[in-house]
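Subject: A structure for you to look at

Hi,

Here is the structure I promised to send you. Have a look at it first, and then read on for what turned up.

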Amino acid sequence: MKKYISIIFATLTLAGSSCKKDFLELSKNPNVPTVTTPQLLLSGALKSTADIVNGGSYVQYAAWIGYLSWSTGYQPNIALLSYQMTSATYDCWTNPYLNLANYNTILNSTTEPNFQAIAKIMIAFDFEALVDNYNNVPYTQALQGTKVLNPTYDNGSAIYDDLLKQIDAAIALIQNAPASAANPGSSDIMYGGNMNNWLKFANTLKLRIALRQINVSAKSAALMADVSATSALGYLDATNPATVNPGYLNSDADGGQESPLWRNYGTTQNGGAQTNKAEYQANTYGANSLSANNDPRSVVVYTTTGGVVISSAFGQTTPPAGGTPSTPGPGVLKSPTMNATIMSSAEALFLQSEAAKDGYITGDPVALYNAGITASFLDDGLTAAQAQAYYSQAAIAYPTGINPVTTLPYTDADMEQAIITQKWKALAIYGAFEAFNEYRRTGYPNDIPLSIYPGANPPNQVTRIPYPAVEYKTNAANVAAQGTVNVFTSKIFWAK
Amino acid sequence: MKKLLLGILCFLVLCFTQVLAQNRTVTGTVTAKEDGLPIPGVTVKVKGTNVGTQTNTAGKFTLTVPQTATLVFSFIGYETKEQPATGAVVNVTLTLASSQLGEVVVTGALGVKRQAKELGYAATNITAATLTETHPTNFVNGLTGQAPGLVISTVNNGLNPDVRFTLRGNRHITGNNFALVVLNGVPVSPSEVNSINPDDIESVNILNGAGAAALYGSEASNGALVITTKKGSAGGVPTVTYSNSFQLESISYFPALQTQFGSYGGEGPPFQDPVTGFITTPVPFENQSYGPAYNGQLTKVGIPLQDGTYQYAPYSTPKVDPRRAFFQTGHSEQNSVSYAAGDANNSFNFTANRLDKTDIVPMDSYNRTQMRVSGSKTVGIFRADATASFSQDNTDGYGNYGDLLSTLFNTPSWIPLENYKNVSAPFSDPSTYFNSYGINPYWSLQNSRSVSRSDVFSGSFTGTLTPAKWFDATYRLADNSGTYQNQTTRAEIDYTPYALSDPTAIAYGAHYGTVAQAFGAPVNPGTVSNYVGFGDGSSTIGYGGPQGYSRIQQDMILNFHKTFFNDFKTNLLLGNTIWQEYANFVSNGTNNLLIKNFYNVNYLLGVPNVGQGNYTIRQIAYFGDLSLGYKDYLFVDGTLRNDNDSRLAAANRSFWYPSVKGSFLFTQAIDALKGNKTISYGKLRASYSQVGDVNLNPYSLINTYTATSGFPYGNNGGLGLSTTLNNAGLKPELSSEVEFGTDLGFFDGRYNLSVTYYDTHTKNQTLPIATSPTTGYQNTILNIGETQNTGYEFKLDAQVLQKGKSSVGLNLGANFSIQDSKVLSLFGQTTQLPLGGYTNATTEAVVGKPYTALYVTDVMRDPEGRVIVDPTTGMPESNPNLVYAGQTTPKYILGLTQQVSWKFITLSLTEEYRAGNVIYNESLVSATAAGVSALSAEGGRQRFIFPNSVINTGTAANPVYTPNTTISTSDGNLNFWDSGAYYGSGSTYVTSGAFWKLREADLEFNLTQWVKKSKFIKKASFAFNGRNLLMWRPKTNNWTDPEFANSNTNGDIGVNSTAQLPPTRIYGGNLTITF
């Protein structure tokens, strides 16, 4: 019997001790990688930025700013049509911050200057969008994981100031990069590793951030000096728009491989309508504006029935007569594999036109204005000749010299109206958020109708959306400290 | 009970040998006094010697005895009886021992058998008869209402519905709250209960608390169901049992729908009068039911065919609601065979069961085949036990291309749904179906299928050495594993050019759209998705285990027992357990099949979707258990266990936790109480225990990078940070439980009462906390938060009339639990943790509130709770804050059982009551949006004064609330019921979760006395039975079964959606014959 016992004890001891160390070492994840490279992170992050800019989270702005209407074939979307928003209605917050975390990881995980510079530029791009959506947002304490679980909010204006510094630092990183510095190459799905284009993009972003604050007169001198310090780098033009294309495919696999704007308003791989194609249709204001003054863009920005855009007013509940309601057209939705726009040539040129007008940069505002219109026409699949015919009309031409109607010189306001109104037309649908920003900064176009949905009765256009529900749940005290947001009166610091 | 005792006895009598002088032979039969039935396994000894035998299955014995001898008959649970052996035949009747409650042997943790009096904790033993009385297809349903503290919820109907079972409520805010399922000594996945043949089960022992189950270690914090399967017989005569059970299943309670109003969904003129705003004409192609009142006139349905043909139907609801008529009566048939044989040293048992089932959903079917073989052999000091089972099931179910209920809710009641069964016929096909916004449910049913197969193997071997009276050693090896295979397909949908051109414009003047036109292309290709998984044979992997995992386990247990100084009985158990859980899956699919009706992912357009994963968890544990008994009335038991778990970092991997339990039999200890007939048994018990629990998915320590959506694009890969920030410093959760209780027997044990109080604190909860996205992550995993569960459990059994004394027997049983829970703390600024998000509602863990708490949107109310309406529109307004609506898990659970027997007829009933909780009917939201719920017609679709509403006649700062008696809502139709504050308030759809159910009814006819004469039939019985025959709900709940839930995970409890089928009742008959 002693024998039995000793055998059992021996087995017991053996089983318990011999393989224990390796046996329990199972922390290695066989399902998801735990390492990455700056290249893989950069491709992923740039693609996600394109998704944010072109995806569904800005579709409400496309409706409010006059491009699209809620489909009359659907139950009314009350939040959208009567501006009855709660914090739960819109979230333009989560995806930018998650995107920022990826750029931040590139910045902190590599010493390669080109990668760091791109990360810094895109961090500025994302934070600008966050400020434009929400004004004060977490910045200095953000993106630190469990180290700061409840980041406090920074003043929007102060964030803008720091973004300009960060862009300058990024420019310096590229300019000072040694010849041996790694080039991001094909992992840079925006410029294919062309760092000169990144310098121009950074410089144009700087210009956008500076001009956005034009209503903050106390900052003007400093902003002007800051812009001129790097103006020699040049800006984006018709040749080098900021667009992303990782090799988009007409495929629904892996969460959707189509270009994000197509995935937003277009069709699935098999030709079925995406949600926003079914739920949104042409807005009568947009259809009219884009056909006024012989503008040929209306019929390419929207689909047509027998050559006619079938549209409904924003808030209308009965189907429009004449055919199947129009949706975003071939000028905007070129193909499932089209480039995704981060910043279009037209937008960059209109920015330069305005900057030249206001003396931020040297240049001819008229030529830049015409170039902006031309870029928009080309972008929509039209010709430069059509553009020229369009901007040569007296009603469209850049208002310079004497106004033949009033016989007084054109005012700065006239010029601004022309630039921003044309910019609104150029940004049709794909640039809804930027058009909404410029509307709030300048008040142009000044004839966008509000919702006619029964009982909507808004006092004015929405000035901003509320902070998202997730923040009230996870960072309650800090968001509460920002006070109550009124969607008709609370303004972004740069707004008119 | 006898069978259980028999099994134990076989073991005990092995030591007896027969050595005696040849004298004379005595035979006899031992029967039980109370029912007159023979008792197998009774020990018969000649007084003063070691000479003895035991009775066989027929209760008979044969023994050679000296000329003058006295026989001693003993059997656990019965009074020992002495009888002089005069003559050749000695027949004896045994009576139940007065102290039987304490003598009952209970299989506790690790298969350790203890007498009930030694236990310091609450446990309930359920016998096979109770479990299978009404032949549930999942044996767990047979436990419903039978034990205090146990809550069993069938969360949906269907072919093979999910069942959730918890003991003492939910301890863990997230993760697994299922009671641990232990099959023949080894834990298995809770999903595997469905693979266990109900007829296999010898007994289920329910260990309510962590204390009882402490020896099972870190998995036992939720209590345990310890299942023992049948082992064969020791009587020497083989028995064969055949049983057939046939049951029907039909809808018992359909949601309350309105039948007065037909089709309309907000269209303007010509359906609406432009001046008055009245709806004048039903909209033939509309899915919503906000139209004019029915008038019986023949009315156009849907769009015309291309040749201009219209279909017409009377504008009224037919006698049988077509939505209800969509469902059928399902049936199930079970055929079951078992064979049991054996003698004192060997046993063999075989069972097989076949189930064939159809559902209330047409076309759906299910079958299951199960087999188990068990055997044992004893040779000298060595005993071997082995058991193996195999189960296969096949499911052919609806592929869920649109929830059926949702599709039916979006079918106005006048639509002649039964005409659309031929789905390729005009007006039924996708191009010309009446509904411009939905597809024919018959089309979906026939063309969207989910076919799956599950194969489950379970086997174990146990070897025991008993080299000395004071020592034995056991080695056990067990494996449970299964595969699950599924293919879900949806046929290609083709639209005609006519449908794509939007025929509503031709027929009704404006482009209202069609399904085809909304889709926008002529072909919507077919879809396929395939899933093959290895694990427990179920479809989902609960990544933290044990759900979804296969398991291989080895146990080694040394058991020392000795009695010192006659009074101190000691037992020391030392053990080691090593287990591994493993699961993997491979999946693929596409939404763009190349060829119509050819479902192979190889033939597609574009790129397939693919996935794979594999998961391994390992644990090594050491444990010890020392128990001391003093003079049969004082018992103390202490355990200590150390677990080492692979999911934690090396520094936190090893953790210890103890338990101590005691019981005191005052009826034994106090001389004055001994032999007292009024209080025949009395025990006080107390227990304190800790159980560590690794409530964590494997690989949760190191941060990961996931493929960015859309990637790869050719040679371009893209990765992004996981949105969950992992945490390398995670530690186990710790549940501490204090338990007190008493077990009392009155009047010779005919009335038994058991009362238990418990208080459990679960600390260090491993919670995926939602973080502000501004941190860069959406979630992180932290050890935070503490919950408290307290409660009372009562159990009362009463043998009111003993059948032995009269031809009428009456047994009553009741069990009652109060389960309270509270979240004591979460983390930092986080005082609430969302668990599930729904339309207008969330389920959350909130500090200071019971767990799980339901929060809903609401309308503005005055301090008295009356709804504040706008003084001009009469409409309520939305409250911007979510309000607390109640807890979703029941607080009060009452189970009642009655058994009345008269001669050969026995009627058994089980009822259950649950209360103290609320449910959120998300399916009522969609039915109200569709305008079919009875709720949506409560105001007769007219403007009405909102009941019990008030108007603020003061100022915003100093409100004065005056009852509203004059201001009607500005709209009583679509704009009130399908939009606006009242519609958008989750509170509108919250109802009490209370119910009474007649869970089981079984009327059995014991035919044995008539068939006994035939040589080969030993027993026969026939029964009518039913499950869930009746349900009583509060009037406010006219919707569905409060038990139903979106899934069996924590956050979904108490929330139902259109994915749940209507409640059903099951009824049928059963025939059992034993040869």
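Which residue in β48(B) is the bridge partner of B:Leu854? The answer is B:Gly886. Before going further, please keep in mind that this is a predicted model.

That pair belongs to a longer connection: strand β46 (residues 853-859) of chain B is joined to β48(B) by six bridges, and the two run antiparallel. As background, strands of a sheet pair through backbone hydrogen bonds, in either a parallel or an antiparallel way. The sheet here is an open one with four strands, in the order β44-β45-β46-β48 (chain B), and its pairing is antiparallel. At the edges stand β44 (832-838) and β48 (878-887) of chain B; each has a single partner strand, so one side of each has no neighbour in the sheet. From one strand to the next, the twist averages 35 degrees.

Another strand in chain B is a good place to look at side chains. In β10 (residues 123-127) of chain B they alternate: B:Thr124 and B:Ile126 point to one face and are buried, whereas B:Ala123, B:Asn125 and B:Thr127 point to the other and are not buried. Five bridges connect β10(B) with strand β15 (residues 201-207) of chain B, and this pair runs antiparallel. If you find B:Ile126, its bridge partner in β15(B) is B:Val204.

Next, a helix in chain B. Is helix α12 (residues 922-929) of chain B mostly covered or mostly uncovered? Mostly covered, with seven of its eight residues buried. Among them are B:Leu924, B:Val925 and B:Ala927. The buried residues of α12(B) pack against several elements of chain B, including β44, which you met above as an edge strand, and β51 (918-921). Just after α12(B), B:Gly931 has a positive phi of about 75 degrees.

Finally, turn to chain A for two packed helices. Such a pair is described by the angle between the axes and the distance between them. Helix α7 (residues 113-134) of chain A packs against helix α8 (residues 156-175) of chain A at an angle of about 160 degrees, and their axes are 9 Å apart. An angle over 145 degrees counts as roughly antiparallel, so that is how α7(A) and α8(A) lie to each other. The crossing is left-handed. Residues making the contact include A:Ile121 and A:Phe127 of α7(A), and A:Leu163 and A:Ile167 of α8(A). By type, the contact residues divide into 14 nonpolar, four polar and three charged.

Enjoy exploring!

Best wishes

How values were computed
Residues are numbered from 1 along each chain as its sequence is written. Chains are lettered from A and ligands numbered from 1 in the order in which they are written. This is a predicted model: local features need pLDDT of at least 70, side-chain atom pairs count only at pLDDT 80 or more; totals for chains, interfaces and linings use all residues. Side-chain values use heavy atoms; hydrogens and water are left out. Axes are lines fitted to C-alpha atoms, for helices over the stretch in contact, and angles run from 0 to 180 degrees between N-to-C directions. Angles under 35 degrees count as roughly parallel, over 145 as roughly antiparallel, 65 to 115 as roughly perpendicular and the rest as oblique. A crossing is left-handed if the near helix is turned anticlockwise from the far one by less than a right angle, and right-handed if clockwise. Contact means heavy atoms within 4.5 Å. Ala, Val, Leu, Ile, Met, Phe, Trp, Tyr, Cys and Pro count as nonpolar, Asp, Glu, Lys and Arg as charged, and the others, Gly among them, as polar. Two strands pair if DSSP finds at least two bridges between them. Buried means under 20% relative accessible area, exposed over 50%, partly exposed in between (1.4 Å probe, protein chains only).
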